[in-house]
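Colleague: Got a minute to go through this model with me? I'd like to start at the metal.

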Amino acid sequence: MKALRLHNELTAIWRNEPGWRGHLRSVNHSDIGKRFIVAAFVFFAIGGVLAMLIRAQLATPRSAFVGPDVYNQIFTMHGSIMMFLFAIPMFEGLTMYLLPKMLGSRDLAFPRLSALGWWCYLFGGTIIVVAMLAGVAPNAGWFLYPPLSGRTFTPGINSDVWLLGITFVEISAMSAAIEIAVSILKLRAPGMRLDRMPIFAWYMLATAGMMVFGFPPLILGSILLEIERAFGWPFFDPALGGSPLLWQHLFWLFGHPEVYIIFLPAAGAVSTILPVMARTRLLGYGAIVAAIMALAFLSFGLWVHHMFTTGIPHMALGFFSAASALVAIPTAVQIFAWLGTLWGGRPEMKLPMLYLIGFFVVFVLGGLTGVMLAMVPFDAQAHDTAFVTAHLHYVLVGGFVFPMLAAAYYWLPHITGRQRVMRIGEAAFWLIFIGFNLTFFLMHLTGLLGMPRRIDTYPEGMGWTALNLLSSVGGFVQAFGFALFLVDVVLQIRLGRRHARDPWQAHTLEWAMPTPAPAYNFASIATVADREPLVTAPDLGVRLARGEGMLGAARNGWRETIAVDMTTGVPEHIAILPGNSWLPIATAAALGGFFLAMLAGLYPVAPAFLPVVAWLGWRWAWTNGSRHDVGMVDAGHDRRLPTAFEARQTTGWWGSILAIGASATLFASLLFGYGFLWTVAPGWPPPALVAPSLLLPLLALAGAGCAVVMARRDNAMIAAVGQGVIVLALVMLLVVAAPAPTSHAYAAASAAIAAYAIFHAVLAVLILAFVFARERAGFHSASRSGERRIARLWSDHAAGAGAFCAVLLVVPGWLA
Ligand SMILES: [Cu+2]
């Protein structure tokens, strides 16, 4: 009976309000995760329909089915949707849903941030799809190379839809990355040391880390290209000292890690599901973790293999070719670990296993053609042909879609609490598998026969006709397979019989709860002593439901979960998570207003949304914290812990570290662009430099020094004044000493560097003002100092960036 009472008490704290209000205000990770998954699947279907249109167009020579203009939009949107609106959100959703459950926690670290990410994804994706229906979809290829995507060759808003829409959606990727990393590092079950984490968490930790450093170059590139299109700052225009190759570098600095960002979560699912299907333990946990880290690290050194044919120096070609081939090693470590797991176990041919076999076959083939393409002479031949299209589909469909289908069948019983109805899933598998290979295996051949990618028609007599027709037939077979999969899933949700907990006899913590999962996940928090807690304690779920773990009582209406020491998993404090709120959807709407105004070319209107965003952010931050010292509280199991109000290294502090890391990466990418143009682009040195000035940089340095010192003396007011001085000095520098940003790429890059520093200094002023207001309102005390410590991080970063910029901008003028 205690279990039922506890269930009712916790449900009252964690549930959503009834009706629409509840849906719009929900911040629960299971809700948000499921929404991401469903929306990603809808976008997958849209992208799939576009793929069918492509295959219909290419089925016969000289086809006039859709025509070149529409065709350009179709293949651009197919790639963009599958990458940005399907693959990334799909694994984000799966992870958001699963991760806290696997880690033994009640929610993610920043529930409201997940909700904000969801609304940004939904609004941004909607903008892109509506643009497509209106006939103004992006049409310059999914990697949007200038000059084709620039003002001259794409005068309509097509490219702006991509640049603004995708950047809007990327807010969800960045928030998910921070959320996932901090949750893995801090919100685990007591006793879950790093080496006791489920392997999926390792994969997601690497993925989240890669996202923090991988997305900023893309976001920067998008901002620069949009500024060039909107205001004529010539970053990519060779006539004015820019270079279109800068875009390619920034794009692939993101684009290559992106492939692994997509693959690693899927590989995480494989490493989780495979041992269960093989009735054994995963072989080589340590080797796999090492391989994941190696892969994450290596993947940032490969981007140039997308640019082998752009006239790269020979030394660099050799380096990037070798580095690209090297990636096969950590990938092979995983493949062999999986094969060894199968070898040592007693594999059962259940449905998820079937999809995993599909994954092996398709992904390994994609890996092999990847090694071929890493060889520069071969790449020079195959570049921009259908061979590359075939390769990337083998890697991405093999490395992501098949594992996700396995994951869908594996975790659907968890999400629905129901069993499969009929054996439709097997038929779906064979249609998808055969259709896929028919389509894309043949495209290797079409490519080797010289057919370029992205052409809308081709003449007869090239030897491409029969291959293309068969590829198209395969495409439609595949589409039937996915339709059957959808039918199967709907049947299971609607008609499936309820099953007992843990139908696969898996041993990870997500199965130690009722299915579908209650809003609070665990009625009490498990303490774990090994990697597979359900092996030693099969009745763990029942005991947790009775409140026998930690935090086994409701208190103060708080949404509590345990925060642990990062490495040892020793309980550190009690995290108190925020409840349902309008703030995420309101903030996403205000951001949406900004992006829409930019898209509509209403440039004076767009900035008006930013104070609204700032005000909502202020209100958001204001809802946290406590006005009195709480002290140590009972955490169960005879332990007393401080609350997050009085903890030293809170999740918020770690989240800020990662956010600043991402921001610094964006800044580093900007400096890379500046240096790249200076050394490589035509028309440098620039005709006019930022005029040498002693006073303004000194002023900025003084402001930065003041901000750093005063933030340490906890004088937020004076620190804010220091930040204000930085803003003043940099604005003056731009106005009186710098050439017009439209005159030359140098002036544009200088202004962008200054804008970065100004933006962060303004942000620091807001944060410091917030701290000042909170002090007066009684939110701070000797033990409640978390906010001040977070504010200091942001203030220091802004001061550093401001001082660095001020010096960097005037140095060339001095030296000249
Ligand atoms: Cu690559």
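Colleague: Is H305 buried or exposed?

Modeller: This is a predicted model, and in it H305 counts as buried, because its relative accessibility is 16% and the cut-off for buried is under 20%.

Colleague: And H306, what does that one count as?

Modeller: H306 comes out at 22% relative accessibility, so it counts as partly exposed.

Colleague: OK, which protein atoms are the donors of the copper ion?

Modeller: H256 through ND1, plus H305 and H306, each through NE2. They lie 1.7 to 2.0 Å from the copper ion.

Colleague: What spacing do those donors follow along the chain?

Modeller: The pattern is H-x48-H-H.

Colleague: Switching to empty space. How many cavities of 30 Å³ or more turn up?

Modeller: Searching the whole structure gives 4. The largest cavity holds about 80 Å³ of space, and the second largest about 40 Å³.

Colleague: Which residues line the largest one?

Modeller: Its lining includes M710, D714, L768, E775, R788 and R792. Helices α22 (695-712), α24 (745-776) and α25 (786-815) are the elements that each give two or more residues to that lining.

Colleague: How does the lining of the largest cavity divide by residue type?

Modeller: There are 6 nonpolar, 1 polar and 4 charged residues.

Colleague: And how does the lining of the second largest cavity divide?

Modeller: That one has 7 nonpolar residues, 1 polar and no charged. Among them are L224, F235, Y674 and A749.

Colleague: Which helix gives the most to it?

Modeller: Helix α21, residues 651-680, with 4 residues in the lining of the second largest cavity.

Colleague: New topic: helix α19. What span should it have, and what does the model give?

Modeller: Helix α19 runs over residues 583-599, and at 1.5 Å a residue its 17 residues should span 24 Å. The end C-alpha atoms are 24 Å apart, so the two agree.

Colleague: How many of the residues of α19 are buried?

Modeller: 14 of the 17, so α19 is largely enclosed by the rest of the structure. After the helix comes G601, with a positive phi near 75 degrees.

Colleague: What about strands β3 and β4, in which sense do they pair?

Modeller: Antiparallel, over 4 bridges, with β3 covering residues 632-636 and β4 covering 639-642. One of the bridge pairs is M632 with P642 in β4.

Colleague: How many residues sit between β3 and β4?

Modeller: The two strands form a hairpin with 2 residues between them. In that turn, H637 has a positive phi of about 55 degrees.

Colleague: Backbone oddities next. Which peptide bonds are cis?

Modeller: One is P146 to P147, with omega near 5 degrees. Another is T515 to P516, with omega near -10 degrees.

Colleague: Where are those prolines found?

Modeller: P147 is in the loop between α5 (111-133) and α6 (158-186). P516 is in the loop between α16 (465-495) and α17 (533-536).

Colleague: Which residues in that α16 to α17 loop have a positive phi without being glycine?

Modeller: D502 has a phi of about 55 degrees, and it is found in that loop. N521 has a phi of about 65 degrees and lies in the loop between α16 and α17 as well.

Colleague: Are D502 and N521 buried or exposed?

Modeller: D502 counts as buried at 17% relative accessibility. N521 is buried too, with a relative accessible area of 1%.

Conventions. Residues are numbered from 1 along each chain as its sequence is written. This is a predicted model: local features need pLDDT of at least 70, side-chain atom pairs count only at pLDDT 80 or more; totals for chains, interfaces and linings use all residues. Side-chain values use heavy atoms; hydrogens and water are left out. Donors are N, O and S atoms within 2.8 Å of the metal (3.2 Å for Na, K and Ca); water is not among the atoms, so sites may look incomplete. Buried means under 20% relative accessible area, exposed over 50%, partly exposed in between (1.4 Å probe, protein chains only). On a 1 Å grid over the protein atoms alone, a cavity is a set of points where a 1.4 Å probe fits but cannot get out, and a pocket is an open set with protein on both sides within 12 Å along at least five of seven lines; lining residues have an atom within 4 Å of a point. Grid points are joined across faces, edges and corners, and a volume is the space filled by probe spheres set on the points. Ala, Val, Leu, Ile, Met, Phe, Trp, Tyr, Cys and Pro count as nonpolar, Asp, Glu, Lys and Arg as charged, and the others, Gly among them, as polar. The expected span of a helix is 1.5 Å times one less than its number of residues. Two strands pair if DSSP finds at least two bridges between them.
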